[in-house]
Structures are given as C-alpha cells and as structure tokens.
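User: I would like to learn how to read the contacts in a protein–DNA complex. Could you take me through them step by step?

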Number of protein chains: 2
Amino acid sequence: MIQDIAAFLKEKDISPSVQRVKIFDYLYKNHTHPTVDDIYQALYPEIQTLSKTTVYNTLRLFIDKKIATMITIDESETRYDADVVFHGHFKCRECEKIYDFDIDRSAIDLNTIPFFQIEEKHFYLKGICQECNKKK
Amino acid sequence: MIQDIAAFLKEKDISPSVQRVKIFDYLYKNHTHPTVDDIYQALYPEIQTLSKTTVYNTLRLFIDKKIATMITIDESETRYDADVVFHGHFKCRECEKIYDFDIDRSAIDLNTIPFFQIEEKHFYLKGICQECNKKK
DNA sequence: GTATCTGCAAAACATTTGCAATTCT
DNA sequence: AGAATTGCAAATGTTTTGCAGATAC
C-alpha cells in the first residue's frame, strides 16, 4: 500500500509533477483499467489545463519505469493498470467492465514452454459476468 | 486438416467467394498471425482488385462464424489466427515474430475462477525468443 | 432480377510527433 | 538561466462507414 505517491515516484526516478502524481493516484486507486480518455475525463475537472498528450506521455513513462502495465484486451483502445503483479483479466461483453482475478502461481506452469526469455505475461478471458448473467 | 476450403466455408454458412477462400487459405496455411495489411500485401498479386475493406469484412465474418480469432497482443494492429483451439502466443520484442505454444489443459485451472461464463481465453507472453537471444 | 458481395473514397478514432510555451530548480 | 515538462495543433495509421458498381443464384 503506497502512502505517499510523490515519494513513490521519486524512488522510481520520476519527478513528481502535479500531472504525474494525479495520474498515478487515479490509476492506483481506481482498479477500473481505464483508457487514456477515461483518465483524461476523470482528471480534467481538477486540472483544467491537462492534455491527452500528457496522459499518453505519462503512461508511457510509467510503463518504462515498470510501475504500470498495458492491457491489450480491447482491440480499439489500450487500457492501463497500476497493478504490476501478474493476474488475470476478465472482460464482460455485456457491461464492458474488466474484472481482475488471481491466478494461482502453480496453475500455470511456464516450464513447459521452453526456449524463451519471458518478460511479460498476460492472461485474458472474455464472456458474461455474473451480474449481467443474472439480469437475463 | 481441411482439404477443400470452399466446402469448409459452405459448412459454416459462408458463401465461398474467391476473396473469402483465398483469405481463409492464407490464414490457414500461414501460421504467422498476420495483420490486415499482411494479408492484403500477400494476396494483392493474385487478386489485383482486392481491397482492404474486403479483408476487414471477411475477417469479421470469420470471427462471427468462429473459424478465426483475433489476437490483441499488439497495441497498434490486430492480428488474426485460423487456429481456434486454445493455445498460447509468444511475441519476441526483437524480431517481432509471434510463436504459438501449446498449453497443457491441466496447466490452467479455470475452476478456481468462479462466477463467470467464459467464452474466450487468451494467453500472451512477451520477451526474447531463442533465435534472437543467440545473436547477442 | 433480386440478394449478396466487393471495393472505392471519405470519415472516424486512437495515438504519435514537432515544437513552442510553461514550469521547476 | 537551463533543463525538464507540458500541451496545442497537425500528422499518422488503423479501422469503419456509406454507397455505387459488380457478381452470383
């Protein structure tokens, strides 16, 4: 649990500008896997001068510094996550929400995949979530 | 192993136009996870009147009919695969190639993920492949 | 001859780039 | 002042859409 976001960014060699702190704060506290536009819309009321370019720049920086990851579960828009520990994502095709779920480390045995140096792992599911299933 | 692609498409309720047969043939025989542009470039010499719109339309149809899947491992371009049996993908960040690998059905236990009706599963890895690793 | 399928041209988006203005130290 | 950061405007690239012409049954 990160207490002081500005201090956390400094530790990671990122100078904590207002924009960067607010963007990381938003990502870290809302586990909604937002798009660039989601982040922009959410923060615009607070930072009226914010531009999407800055959101793009900042997210790229976070990914470089390994404090955020890209989620390519969507074809059209990239989504972002401040949770860098490997976990699965489930996207409901009805409500479009993306849920997280834990993956038991023993459940995926990567030793059966030889010859590669693995740097990233992504596991995505798509379907209908329990809530949407009930409604029908 | 599909022998007659036109007949296969008919079985799936797809009228086998020249374009559709060639696009499926290409996808089925080249396991390269091509982009729309890859497919277009590959088939243009054979079908000089081909348009990218047709490639887009056709791939959407194949996905509807569940004879192809979308691979969203890339942020910028969507890739396609005629292999609809669940398997993993590995993308090398050096040579950009995408490799397939089998996943032992017992290696991923989806019973530990409750409450969802799962329709699609995707497992992607990124890193450096053996070939590129050797070169350095 | 009517449905379907194709493909051009334009539109619609998401993302990147160049650069000038702003901010921070 | 000097370096880093921000943000506007334009460019780029992928995908979608509208529609007219071509093709198939």
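**Reading the DNA and protein contacts**

Analyst: Let us begin with one DNA strand: of the 15 residues around DNA strand C, those that come nearest are A:Tyr56, B:Ser15, B:Ser17, B:Thr49 and B:Ser51. Sugar and phosphate make up 77% of the atoms of DNA strand C that come within 4 Å of the protein. Please keep in mind that this is a predicted model.

User: Which atoms of DNA strand C do the side chains of B:Ser15 and B:Ser17 approach?

Analyst: In both cases the partner is a phosphate oxygen: an N or O atom in the side chain of B:Ser15 is 2.6 Å from one, and for the side chain of B:Ser17 the distance is 2.4 Å. The side chain of B:Gln19, by contrast, has an N or O atom 3.2 Å from a sugar or linking oxygen of DNA strand C.

User: Which elements supply the surface near DNA strand C, and how do its residues divide by class?

Analyst: At least two residues each come from H4 of chain A and from helix H2 (18–29) and H4 of chain B, and H4(A) provides the largest share, with three residues. By class, that surface has two nonpolar, 10 polar and three charged residues.

User: What surrounds DNA strand D?

Analyst: There are 15 residues around DNA strand D, and the closest are A:Ser15, A:Ser17, A:Thr49, A:Ser51 and B:Tyr56. Of the atoms of DNA strand D within 4 Å of the protein, 77% belong to sugar or phosphate, with the rest in bases. Among the individual approaches, a backbone N or O atom of A:Thr49 lies 2.7 Å from a phosphate oxygen, while a polar side-chain atom of A:Gln19 lies 3.2 Å from a sugar or linking oxygen of this strand. Chain B takes part as well, since an N or O atom in the side chain of B:Glu77 is 3.3 Å from a phosphate oxygen of DNA strand D.

User: Which element gives the largest share of the surface near DNA strand D?

Analyst: That element is H4(B), with three residues; helix H2 (18–29) and helix H4 (52–64) of chain A, together with helix H4 (52–64) of chain B, each supply at least two. The residues of this surface divide into two nonpolar, 10 polar and three charged.

User: How should I read the size of the interface between the two protein chains?

Analyst: The size of an interface is often given as the accessible area lost when the parts come together. Here chain A and chain B bury about 3,000 Å² between them, of which 61% is on carbon and sulfur atoms. On the side of chain A, the residues that lose the most area to chain B are A:Phe116, A:Phe123 and A:Lys126, together 18% of what that side buries. Counted by contact, 33 residues of chain A meet 33 residues of chain B.

User: How many salt bridges and polar contacts are found across this interface?

Analyst: The count of salt bridges is two, one of which joins the side chains of A:Glu119 and B:Arg93 at 2.8 Å, N to O. In addition, 11 residue pairs are in polar contact across the interface. Strand E4 (98–101), strand E5 (117–128) and helix H5 (130–134) of chain A each give two or more residues to the side that touches chain B, and E5(A) gives the most, with 12 residues. That side has 18 nonpolar, seven polar and eight charged residues.

User: In which sense do E5(A) and strand E5 of chain B pair?

Analyst: E5(A) and strand E5 (residues 117–128) of chain B pair in the antiparallel sense, over 11 bridges. Within this pairing, A:Ile128 stands opposite B:Gln117 in E5(B).

Conventions
Residues are numbered from 1 along each chain as its sequence is written. Chains are lettered from A and ligands numbered from 1 in the order in which they are written. This is a predicted model: local features need pLDDT of at least 70, side-chain atom pairs count only at pLDDT 80 or more; totals for chains, interfaces and linings use all residues. Side-chain values use heavy atoms; hydrogens and water are left out. Contact means heavy atoms within 4.5 Å. Buried area is the accessible area (1.4 Å probe) that two parts lose on being put together, summed over both. A salt bridge is a side-chain nitrogen of Lys or Arg within 4 Å of a carboxyl oxygen of Asp or Glu. A polar contact is a pair of N or O atoms within 3.5 Å; within protein, one must be able to donate a hydrogen and the other to accept it, and residues adjacent in sequence count only if both atoms are side-chain atoms. Helices (H or I, at least four residues) and strands (E, at least two) are DSSP runs, numbered from the N terminus. Ala, Val, Leu, Ile, Met, Phe, Trp, Tyr, Cys and Pro count as nonpolar, Asp, Glu, Lys and Arg as charged, and the others, Gly among them, as polar. Two strands pair if DSSP finds at least two bridges between them. A residue is near a molecule or strand if one of its heavy atoms lies within 4 Å of it.
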